[in-house]
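Open the model in your viewer and keep the selection panel at hand. Each stop below says what to select, then what is there.

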Amino acid sequence: MTEHGSPARRATAAAGHARLLLFSSARTAVGTGALDWPVPAQGTPVRELLDELSRAHPALVAILAHSRIFHDGVPVFRLDERVRAGDEVAVHPPYGGG
Amino acid sequence: MSVRLSSRPLVPSAAYRELEDPTLGGVVLFAGRVRADPTESGTVRALLYETHRGPALRVMEELETEVKRRFGAGRAVVWHRVGRVRVGEIAVIVGAACGHREPAFEATRYLIEQLKRTVPVWKEARARPVRPRPRRRLRRRARSTG
């Protein structure tokens, strides 16, 4: 996981990418736990980012329907929230601790 | 107050020490261990726990604050293992120290139920494959019963 202001995160931002973190079944559907996703300079709404990701990985569609989304470590309640280069978006399928 | 996400074994006596306070008479600790459950691919021998650390720690801290407010807990522990946890090992410890036993039981129950529902932790079973029975033995048995 990258931290705010970390060298890895600054590099992701400089390359015009957001960092996507995928856990549990979302990771299995995409085949990796983390990937850099290109975002336009003005940013892109969370909804569009997830739509693009779903088009690239159709197995993710059913999982996203039951997942919580975090933007920079904070739960997303509005899917029109904009994701910019260097931001981190995480997909949380239903939890199963304990 | 104590919150922990650790790849090292969780020790109940250490959790109990976190709850020590001479003004708190009711202390309840809950430990959840990995079970050797049967699965389609064999018996579980370990669980692999993963977490999104930042949000997980934040939610665990909120749970501590919540049991203090709702149940008057003076102290609480919310500990979870991450990484590979073998059968018989403790995966989670929660507990609360209150003035009396009743709120301590309620607070601890609340902690484990909320932890399972709201803390970003996921587990994946690692099973021991079921071994097929040796052929020779099956043949001998077939002869003896035929």
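**Helix 3 of chain A**

Select residues 46–56 of chain A, which make up helix 3. Which residues of this helix are buried? They are Val46(A), Leu49(A), Leu50(A) and Leu53(A). Look down the axis: these four span an arc of only 95 degrees, which puts them on the same side of helix 3 of chain A. The general rule is that an α-helix has 3.6 residues a turn, so residues three or four places apart point the same way.

Bear in mind that this is a predicted model. It scores ipTM 0.86 and pTM 0.86.

**The sheet of chain A**

Now show the strands of chain A. Five of them form an open sheet, in the order 2-1-7-4-5, and the pairing is mixed. Which strands stand at the edges? Strand 2 (34–38) and strand 5 do. Each has a single partner strand, so one side of each is left without a neighbour in the sheet.

Zoom in on strands 4 and 5 of chain A. They run antiparallel and are joined by two bridges. Pick His71(A): its bridge partner in strand 5 is Val74(A).

Stay here and select Asp72(A). It sits in the loop between strand 4 (68–71) and strand 5 (74–75) of chain A. Its phi is near 55 degrees, a positive value in a residue other than glycine. In general, most residues other than glycine have a negative phi. Is Asp72(A) buried, partly exposed or exposed? It has 16 C-beta neighbours inside 10 Å, so it counts as partly exposed; the buried class starts at 20.

**Ser24(A) and Ala15(A)**

Go to Ser24(A) next. Here, too, phi is positive, near 50 degrees. The setting is another matter: Ser24(A) belongs to helix 2 (residues 24–30) of chain A. It counts as buried because 22 C-beta neighbours lie inside 10 Å.

Then select Ala15(A), in the loop between helix 1 (7–14) and strand 1 (17–22) of chain A. Ala15(A) counts as exposed, with 11 C-beta neighbours inside 10 Å. Add Pro38(A) to the selection and draw a distance between the C-alpha atoms. The two residues are 23 apart along the chain, and their C-alpha atoms are separated by 8.1 Å.

**Crossing to chain B**

Display the contact between the chains. How many residues does each chain bring? Chain A gives 12 residues and chain B gives 19 residues. Colour the chain A side by residue type: six are nonpolar, six are polar and none is charged.

Now hide chain A. Chain B has four helices and eight strands. Trace the elements from the N terminus: β-α-β-β-β-α-β-β-β-α-β-α. Of its 146 residues, 32% count as buried. Among contacts in chain B with a separation of 6 or more, 78% are between residues 24 or more positions apart. Colour by confidence as well: the mean pLDDT of chain B is 92, and 88% of its residues reach 70 or more. Where pLDDT is low, the predicted coordinates should not be read in detail.

**The nonpolar core**

Which members of the largest nonpolar core touch the most other members? Select Val67(B), Val78(B), Ala96(B), Ala107(B) and Leu111(B), out of 55 residues in that core. Strand 7 (residues 90–98) of chain B gives the most to this core, with seven residues.

Centre on Leu111(B). Beyond residues up to four places away in sequence, Leu111(B) touches Leu63(B), Val67(B), Ala76(B), Val78(B), Val94(B) and Ala96(B).

Move to Phe71(B), in helix 2 (residues 53–71) of chain B. Phe71(B) is buried, with 21 other C-beta atoms within 10 Å. Residues up to four places away aside, its contacts are Ala96(B), Cys98(B), Pro103(B), Glu106(B), Ala107(B) and Tyr110(B). Pro55(B) is 16 residues from Phe71(B) in sequence and 24 Å away in space, C-alpha to C-alpha.

**Last stop: Ala97(B)**

Select Ala97(B), in strand 7 of chain B. Why does Ala97(B) count as buried? It has 25 C-beta neighbours inside 10 Å, and 20 are enough. Leaving aside neighbours within four places in sequence, its contacts include Leu19(B), Leu24(B), Val27(B), Arg75(B) and Ala104(B). Finally, add Val87(B). Ala97(B) and Val87(B) are 10 residues apart in sequence, and 28 Å apart in space from C-alpha to C-alpha.

Key. Residues are numbered from 1 along each chain as its sequence is written. Chains are lettered from A and ligands numbered from 1 in the order in which they are written. This is a predicted model: local features need pLDDT of at least 70, side-chain atom pairs count only at pLDDT 80 or more; totals for chains, interfaces and linings use all residues. Two residues are in contact if their C-beta atoms, placed from the backbone, lie within 7 Å. Ala, Val, Leu, Ile, Met, Phe, Trp, Tyr, Cys and Pro count as nonpolar, Asp, Glu, Lys and Arg as charged, and the others, Gly among them, as polar. A residue is buried if 20 or more other C-beta atoms lie within 10 Å of its own, exposed if 12 or fewer, and partly exposed in between; C-beta atoms are placed from the backbone. Two strands pair if DSSP finds at least two bridges between them. A nonpolar core is a set of buried Ala, Val, Leu, Ile, Met, Phe, Trp, Tyr and Cys residues joined through C-beta atoms within 7 Å. The arc is that of the directions from the helix axis to the C-beta atoms. pLDDT is the predictor's confidence in each residue, from 0 to 100.
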